[in-house]
Amino acid sequence: MVSINKKDKWFERGKSFLAKGKCDESIEAFMRDIKFNPNRIQSYLFISKLNTNKNVISKAKEYLRKAINIGLKSKNINPTELGFNESDSDVGISGAELYMH
C-alpha cells in the first residue's frame, strides 16, 4: 500500500473522486488541497476543468486565471512582458478559453 503524506491527502482524494466520476466531491477535495498547497497549479486546473464540464464557466475561468497567475509568478514573469496591460484582469483567459470550448 502506498503511503500518502498529509500534504498531498486532499489532492489524491480529488483524483480518486474524479476517477469515480464524483465531480462535486472532487472539486471540494481540490479546493481543500489549495488551502494546504496554494501554489499547486494542478488543483486549480482540475477545478477549472470540472466546472467547465458542469457548465459553470465563471468559476472555470476564475480557477484557470488563478492557475495562470501562479504559473507566471513561479517563473517570475510579469504579465506586461507578455503584452498584457496592468489593468487586464483576465491575463491569459482569451487564449486559454480555447481549452474550455
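This briefing walks through a helix pair, a group of aromatic rings and two individual residues. The model is predicted, so please read each value below as computed from that prediction. A good place to begin is with helices α2 and α3, whose axes come within 9 Å. From there we can turn to the rings, where the structure holds 4 aromatic pairs.

**How α2 and α3 meet**

- Helix α2 covers residues 23-36 and helix α3 covers residues 41-53.
- Their axes cross at roughly 155 degrees.
- Angles over 145 degrees count as roughly antiparallel, and α2 and α3 are therefore roughly antiparallel to each other.
- The crossing in which α2 passes α3 is left-handed.
- On the α2 side, the contact is made by Cys 23, Ser 26, Ile 27, Phe 30, Met 31, Asp 33 and Ile 34.
- On the α3 side, Ser 43, Tyr 44, Phe 46, Ile 47, Leu 50 and Asn 51 take part.
- Sorted by character, the residues of this contact comprise 9 nonpolar, 3 polar and 1 charged.

**Aromatic rings**

- Among the 4 aromatic pairs of the structure is the one formed by Phe 30 and Phe 46, with ring centres 4.6 Å apart.
- The planes of Phe 30 and Phe 46 stand at 10 degrees, so this pair is stacked.
- This pair links distant parts of the chain, since Phe 30 belongs to helix α2 and Phe 46 to helix α3, 16 residues apart.
- Phe 30 has 0% relative accessibility and therefore counts as buried.
- Phe 46, at 26% relative accessibility, counts as partly exposed.
- Ring pairs also bring in Phe 11, which is linked with Phe 30 and Phe 46 into a cluster.

**Asn 55, in a loop**

- Asn 55 lies in the loop between α3 and α4, the latter being residues 57-74.
- Most residues other than glycine have a negative phi.
- Asn 55, a residue other than glycine, has a positive phi near 65 degrees.
- With 60% relative accessibility, Asn 55 counts as exposed.

**Lys 59, in helix α4**

- Lys 59 sits in helix α4.
- Its relative accessible area is 36%, so Lys 59 is partly exposed.
- Lys 59 and Lys 49 are separated by 10 residues in sequence.
- In space, the C-alpha atoms of Lys 59 and Lys 49 are 9.7 Å apart.

Key. Residues are numbered from 1 along each chain as its sequence is written. This is a predicted model: local features need pLDDT of at least 70, side-chain atom pairs count only at pLDDT 80 or more; totals for chains, interfaces and linings use all residues. Side-chain values use heavy atoms; hydrogens and water are left out. Axes are lines fitted to C-alpha atoms, for helices over the stretch in contact, and angles run from 0 to 180 degrees between N-to-C directions. Helices (H or I, at least four residues) and strands (E, at least two) are DSSP runs, numbered from the N terminus. Angles under 35 degrees count as roughly parallel, over 145 as roughly antiparallel, 65 to 115 as roughly perpendicular and the rest as oblique. A crossing is left-handed if the near helix is turned anticlockwise from the far one by less than a right angle, and right-handed if clockwise. Contact means heavy atoms within 4.5 Å. Ala, Val, Leu, Ile, Met, Phe, Trp, Tyr, Cys and Pro count as nonpolar, Asp, Glu, Lys and Arg as charged, and the others, Gly among them, as polar. Buried means under 20% relative accessible area, exposed over 50%, partly exposed in between (1.4 Å probe, protein chains only). Rings of Phe, Tyr and Trp (its six-membered ring) pair if their centres lie within 6.5 Å; planes under 30 degrees apart count as stacked, over 60 as edge-to-face and the rest as tilted.
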